[in-house]
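Subject: Structure handover

Hello,

Here is the structure I said I would pass on. My notes on it follow below the display.

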Amino acid sequence: FETAFAGAEKFKVQIGDARKDLAAWDTANGAKPDNAIGTLATQRAYLAQVVTGLQQQCNNTVATYNADARKILARDWRSTDLPREIESGDYCK
């Protein structure tokens, strides 16, 4: 459980960093999805895909943690400082 929770936390940080990179690129290039063309569109699409990919990995990790957490008694396998379940709603945004 420690590994899965640490993985979810890692993805959460990486998503935030990737969002910052995308916002910085938008600011530097004045490009948004509706007006980026050519190479700019490709660069922006790549940065947006990084965010999406990290969110998907995060969601998968959270789903695995939650599924495994429901299968066992917390006192048998999970440290007391870990959550019973990770709220999946906005966790990976």
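I begin with a charged pair. D26 and R44 form a salt bridge, with 2.8 Å between the closest N and O atoms. This bridge joins distant parts of the chain, since D26 sits in helix α1 and R44 in helix α2, 18 residues apart. Both D26 and R44 are buried. Please keep in mind throughout that this is a predicted model.

The count of salt bridges comes to four. Another of them pairs E85 with R70, the closest N and O atoms being 2.9 Å apart. That pair also links distant parts of the chain: E85 lies in the segment after α3, R70 lies in helix α2, and 15 residues separate them. E85 also meets R84 in a salt bridge, at 4.0 Å from N to O. R70, R84 and E85 are thus linked in a network of salt bridges. How exposed are its members? R70 has a relative accessible area of 56% and R84 one of 60%; because the cut-off for exposed is over 50%, both count as exposed. E85, at 29%, is partly exposed. As general background, side chains of opposite charge can pair when their charged atoms come close.

A67 offers one more reference point for E85. A67 belongs to helix α2 and is partly exposed, with a relative accessible area of 30%. The C-alpha atoms of A67 and E85 are separated by 8.7 Å, with the two positions 18 residues apart along the chain.

Now the overall fold. The protein has three helices and zero strands, in the order α-α-α from the N terminus. Of its 93 residues, 28% count as buried. The exposed surface is about 6,200 Å², and carbon and sulfur atoms supply 53% of it. Among contacts with a separation of 6 or more, 69% are between residues 24 or more positions apart.

Helix α2 deserves a paragraph of its own. Does its length agree or disagree with the expected span? At 1.5 Å a residue, its 34 residues should span 50 Å, and the end C-alpha atoms are 50 Å apart, so the two agree. The buried residues of α2 include R44, L47, V51, L54, Q55 and C58, and further along T61, V62, Y65, N66 and A69 are buried as well. These buried residues pack against α1.

The largest nonpolar core has 14 residues, and those with the most contacts inside it are C58, V62, I86, Y91 and C92. Two or more residues come from each of α1 (2-29) and α2 (38-71). The largest share, six residues, is from α2. I86 touches F5, A8, V62, Y65, N66 and Y91, leaving aside residues up to four places away in sequence.

Finally, the cysteines. One disulfide is found in the whole structure. It is formed by C58 and C92, whose sulfur atoms are 2.1 Å apart. The link is left-handed, with -70° about the S-S bond. C58 is in helix α2 and C92 in the segment after α3 (74-77), so the pair links distant parts of the chain, 34 residues apart. Both ends are buried: C58 has a relative accessible area of 0%, and C92 has one of 5%.

Regards

Key: Residues are numbered from 1 along each chain as its sequence is written. This is a predicted model: local features need pLDDT of at least 70, side-chain atom pairs count only at pLDDT 80 or more; totals for chains, interfaces and linings use all residues. Side-chain values use heavy atoms; hydrogens and water are left out. Helices (H or I, at least four residues) and strands (E, at least two) are DSSP runs, numbered from the N terminus. Buried means under 20% relative accessible area, exposed over 50%, partly exposed in between (1.4 Å probe, protein chains only). Contact means heavy atoms within 4.5 Å. Accessible areas come from the Shrake-Rupley method with a 1.4 Å probe; for residues, only the protein chains shown count as cover. A nonpolar core is a set of buried Ala, Val, Leu, Ile, Met, Phe, Trp, Tyr and Cys residues joined through side-chain atoms within 4.5 Å. A disulfide is a pair of cysteine sulfur atoms within 2.5 Å. The expected span of a helix is 1.5 Å times one less than its number of residues. A salt bridge is a side-chain nitrogen of Lys or Arg within 4 Å of a carboxyl oxygen of Asp or Glu.
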